[in-house]
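Work through the exercises below with the sequence and the structure side by side, and try each task before reading its solution.

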Amino acid sequence: MRGILLCFIFLSLPSQSQNFVRFDGYCGLPVIETSLKQGAIAYMDLQGNPSILIDPGILRDWNTEFTNFTLAHECAHHQLEHSTVEGRLERLVYPTVTVEQEFDADCEAGKLISANFGNDYLRQALRKLGRDFPGTNGYPSGHERVKNVVCSLVDAGLFVPKRRR
């Protein structure tokens, strides 16, 4: 199993010619531009150095609020140790862990965005998440993710949902 994981990590290494961009507004990790179908991922190299990989072509189609939420989400994966070898191995061995890790990273990102930009900004990010992400390959849908973030922030007293008229 370990050989498979190391092979997966090695194959996902970005090329040395990629542009390095500092994004200090969240967790101070290097942000590396590369081609990704996911848009962004929390990445840890073989030496244990964390970074965030982004696809600027995909992020270009996202609003600023959702892009910031996504970067905060990827930072949360690192802070919650989901990007470590152990965290990645858990995802491979226990498929339901993917959903749990995504929900946890979403909640941490929601707290960070709410604290730094306010709840209206967070609402804009969550609108995009809820509308445009159907959920595939073991990942929860955007609707499920939004519901989880809102419930967790409401429970913590950090978010008051707007009432529909």
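**Exercise 1.** In this predicted model, determine at what angle the axes of helix H3 and helix H5 cross, and which residues meet where they do.

*Solution.* Begin by locating the two helices, since H3 covers residues 64-79 and H5 covers residues 96-117, and their axes come within 8 Å and cross at roughly 125 degrees. An angle of 65 to 115 degrees would count as roughly perpendicular and one over 145 as roughly antiparallel, so the crossing of H3 with H5 is classed as oblique. As to its hand, H3 passes H5 in a right-handed crossing. Next, look at the residues themselves: on the H3 side the contact is made by Asn68, Phe69, Ala72, His73, Ala76 and His77, and their partners in H5 include Gln101, Ala105, Ala109, Ile113 and Phe117. Sorted by class, the residues of this contact are eight nonpolar, five polar and three charged.

**Exercise 2.** Find out how H5 and H6 are oriented to each other, and which residues form their contact.

*Solution.* The axes of H5 and H6 come within 7 Å and cross at roughly 140 degrees. Because roughly antiparallel requires an angle over 145 degrees, the two helices H5 and H6 are described as oblique to each other. From H5 the contact takes Gly110, Ile113, Ser114 and Phe117, while H6 contributes Asn119, Tyr121 and Leu122. The class count for the contact of H5 with H6 is four nonpolar, three polar and no charged residues.

**Exercise 3.** Identify the residues that touch the most other members of the largest nonpolar core, and the elements that each supply at least two of its residues.

*Solution.* A general tendency is worth recalling at the start: in soluble globular proteins, nonpolar side chains tend to be buried together. Here the largest nonpolar core has 22 residues, and those touching the most other members are Ile52, Ile54, Phe69, Ile113, Leu122, Leu126 and Leu129. At least two residues of this core come from each of strand E4 (50-54), H3, H5, helix H6 (119-132) and helix H7 (142-155). Taking Leu126 as an example, and leaving aside its neighbours within four places in sequence, one finds it in contact with Phe69, Val146, Val149 and Val150. There is also a second, separate core of five residues, which includes Ile32, Leu36, Ile41 and Tyr43.

**Exercise 4.** Decide whether Thr67 is buried or exposed, and do the same for Glu81.

*Solution.* Thr67 lies in helix H3, and since its relative accessibility is 15%, Thr67 counts as buried. Apart from its neighbours within four places in sequence, Thr67 is in contact with Leu59 and Trp62. The C-alpha atoms of Thr67 and Lys128 are separated by 9.9 Å, although the two residues are 61 residues apart along the chain. Glu81, by contrast, is placed in the loop between H3 and helix H4 (85-93), and because its relative accessibility is 54%, Glu81 counts as exposed. The backbone of Glu81 also deserves a look, as this residue has a positive phi of about 65 degrees although it is not a glycine.

**Exercise 5.** State how many helices and strands the protein chain has, and in what order they run.

*Solution.* The count comes to seven helices and four strands, and from the N terminus on the order is α-β-β-β-β-α-α-α-α-α-α. Of the 165 residues of the protein chain, 42% count as buried. Finally, among contacts with a separation of 6 or more, 56% join residues 24 or more positions apart.

Notes: Residues numbered from 1 in each chain as written. Predicted model: local features only at pLDDT ≥ 70, side-chain atom pairs only at ≥ 80, totals over all residues. Heavy atoms only, no water. Axes fitted to C-alpha atoms, helices over the stretch in contact; angles between N-to-C directions. Parallel < 35°, antiparallel > 145°, perpendicular 65-115°, else oblique. Left-handed = near helix turned anticlockwise from the far one by under 90°. Contact = heavy atoms within 4.5 Å. Nonpolar A, V, L, I, M, F, W, Y, C, P; charged D, E, K, R; others polar. Core = buried A, V, L, I, M, F, W, Y, C linked by side-chain atoms within 4.5 Å. Buried < 20%, exposed > 50% of the residue type's maximum accessible area, 1.4 Å probe, protein only.
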